[in-house]
Amino acid sequence: MSEGLLPVKLLQQNTEQEKGERARVTSFFGAYAISDLVKTTLGPKGMDKILQSSGDNRDISVTNDGATILKSIHVDNPAAKILVDISKTQDAEVGDGTTSVCVLAGELLREAEQLIQQKIHPQTIIEGWRAAEEVALKALEESTQDHGSDQEKLRHDLFNIARTTLSSKVLAQFKDKFANIAVDAVLRIKRSIDLDHIHILKKLGGTLEDSFLDEGYILDKKIGVGQPKQIKDAKILIANTAMDTDKIKIFSAKIKTSEPEKVAELEAAERERMLNKCKKIISHGINCFINRQLIYNLPEQVFADHGVMAIEHADFEGIERLALVTGGEIVSTFDDPKRVKLGHAKLIEEVIIGEDKMIRFSGVAGGEACTIVLRGSSKHILDEAERSLHDALSVLSQALKDTRTVLGGGCSDMVMSLAVEKLGQTTPGKKFLAIEAYARALRAIPTILADNGGYDSSDLVSQLRAAHYEGKKTSGLDMDHGVVSDVEALGITESLKVKKQVVISASEAAAMILRVDQIIKAAPRKREHDPRYGH
């Protein structure tokens with residue numbers, strides 16, 4: 001009998017496990033910590049965070065972008081990692097709403113904790129949430145507007161979406177200017193909606209207001225010495241090849257000689273090989289050569305003598321994008337000109353931005369390509385401006401795929417909340433409590449928006465709720481004046497795809513965390529003895 005009661009050891013030594021209520025509390029608190037971390041950055045009055053790296057340089061970045069903050073922190077809590085992952089997914093899928101998705105998931109779990117304390121089973125809560133999510137999304141889609149068939153109204157919608165996205169960023173002060181830049185850039189690439197055709201170039205100096213959109217591709221490089229500064233109808237060869245002296249590139253290879261004449265012969269052979277390589281490149285009938293690697297004096301002189309513009313050390317991302325927009329391909333060998341695809345541009349010229357010389361490619365094969373030049377007084381402002389603009393461009397590219405829009409400022413959240421409340425009124429049993437909790441979680445978004453603006457959230461949200469009950473379906477929060485207003489008239493507009501993705505991702509993540517009843521942490525791997533290192 002006693003043998004049957006002996007404990008069975010399943011897990012490896014030093015493996016940690018938490019069960020039942022303790023596992024649930026650990027999961028909930030991890031999710032709360034992530035939600036509270038980014039909560040204060042939500043909305044047009046949100047605050048920024050300073051992120052400092054642990055490296056030798058102790059680099060810092062200043063941001064209020066949810067995805068950037070969560071990518072930069074290292075979390076150990078499993079539930080916290082789930083929220084970090086959904087924020088990354090939101091950023092990859094639609095480009096915005098990274099903070100909202102974490103905040104909504106956190107609020108759903110807060111409501112779930114209250115229900116669990118009332119002895120309601122997690123599966124009952126999840127069942128109620130699913131019914132509530134379905135009704136919320138249906139109400140959201142019914143509140144949409146679609147101006148996809150009217151180009152003028154569509155542009156106005158895109159402008160409003162960009163303004164709303166940028167209003168919570170560092171560019172909020174100049175949101176009208178940057179919204180126009182973003183809309184113009186995205187409408188240029190409307191056919192492909194490939195954001196690689198939009199190059200963002202950061203240049204220190206001036207102010208954010210000095211930023212502009214250039215209808216061409218600008219490369220942050222200089223043209224070689226003694227070479228043409230302007231080329232019309234350019235044929236461009238883009239390469240990643242060694243153009244230094246063509247030395248023997250074998251690791252640890254050495255050549256020993258006691259005769260100076262042999263050294264001279266070797267140098268002459270190296271020179272001859274480089275000249276032959278230059279001749280092969282020129283034989284492609286090009287007038288512009290762009291190389292990923294350095295171009296030394298000899299090949300640079302040969303190119304100049306043949307009237308070929310040579311550009312060296314173009315960064316890899318730069319030449320990849322350049323190959324895309326000019327219609328060329330990056331090559332490394334030049335034996336067969338027929339197999340090499342050249343890029344084309346109507347004009348290549350040297351331009352000056354600030355105090356620096358750069359190269360502009362106009363009339364490229366990918367005619368919709370353009371460059372947004374960002375100016376700013378510090379590296380941190382430029383980095384955050386780039387992140388903000390990238391969010392706006394991503395949202396606009398999604399808005400072109402699905403042109404339906406919803407109203408922001410807490411309006412669509414309240415529309416969904418009221419629809420879920422109506423469902424709760426006709427739902428019997430304990431599921432009603434879960435549905436009611438889902439409605440409260442949706443109302444938390446306008447509550448946090450008001451709190452971050454320093455306004456009385458209880459008063460504002462109750463006014464907003466009353467306005468929607470009275471049938472004022474376009475009512476939302478005017479964060480500039482701290483009042484409930486007609487957000488449609490104010491132009492506070494969001495893409496349906498972004499809002500829908502927030503609700504779906506937050507509901508899925510919260511349901512996943514709520515199902516957890518046990519956490520098992522694997523034992524850390526022991527360091528094996530390695531005789532090579534003496535330990």
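The largest pocket of this predicted model encloses about 840 Å³ of space. Its lining is made up of 43 residues, and those lying nearest the centre are Gly 43, Pro 44, Thr 164, Ser 167 and Ser 168. Two or more residues each come to this lining from α4 (98-117), α6 (151-166), α13 (431-452), β16 (475-478), β18 (493-495) and α16 (496-514), and of these elements α6 gives the most, with four residues.

The second largest pocket has a volume of about 460 Å³. A set of 19 residues lines the second largest pocket, with His 199, Ile 200, Glu 317, Arg 321 and Glu 386 closest to its centre. The elements that supply two or more residues to this second lining are the strands β5 (198-204) and β7 (217-219), together with the helices α10 (316-326) and α11 (379-401).

The make-up of the two linings is set out below.

| Pocket | Nonpolar | Polar | Charged |
|---|---|---|---|
| Largest pocket | 13 residues | 19 residues | 11 residues |
| Second largest pocket | seven residues | three residues | nine residues |

Turning to the cysteines, the count of disulfides in the model comes to zero, where a pair of cysteine sulfur atoms would have to lie within 2.5 Å to be counted. Cys 102 has a relative accessibility of 0% and therefore counts as buried, the cut-off for that class being under 20% relative accessible area. Cys 411, with a relative accessible area of 2%, is likewise buried.

Notes: Residues numbered from 1 in each chain as written. Predicted model: local features only at pLDDT ≥ 70, side-chain atom pairs only at ≥ 80, totals over all residues. Heavy atoms only, no water. 1 Å grid on protein atoms, 1.4 Å probe; cavity = no way out; pocket = protein on both sides within 12 Å on 5 of 7 lines; lining within 4 Å. Points joined across faces, edges and corners; volume = space filled by probe spheres on them. Nonpolar A, V, L, I, M, F, W, Y, C, P; charged D, E, K, R; others polar. Buried < 20%, exposed > 50% of the residue type's maximum accessible area, 1.4 Å probe, protein only.
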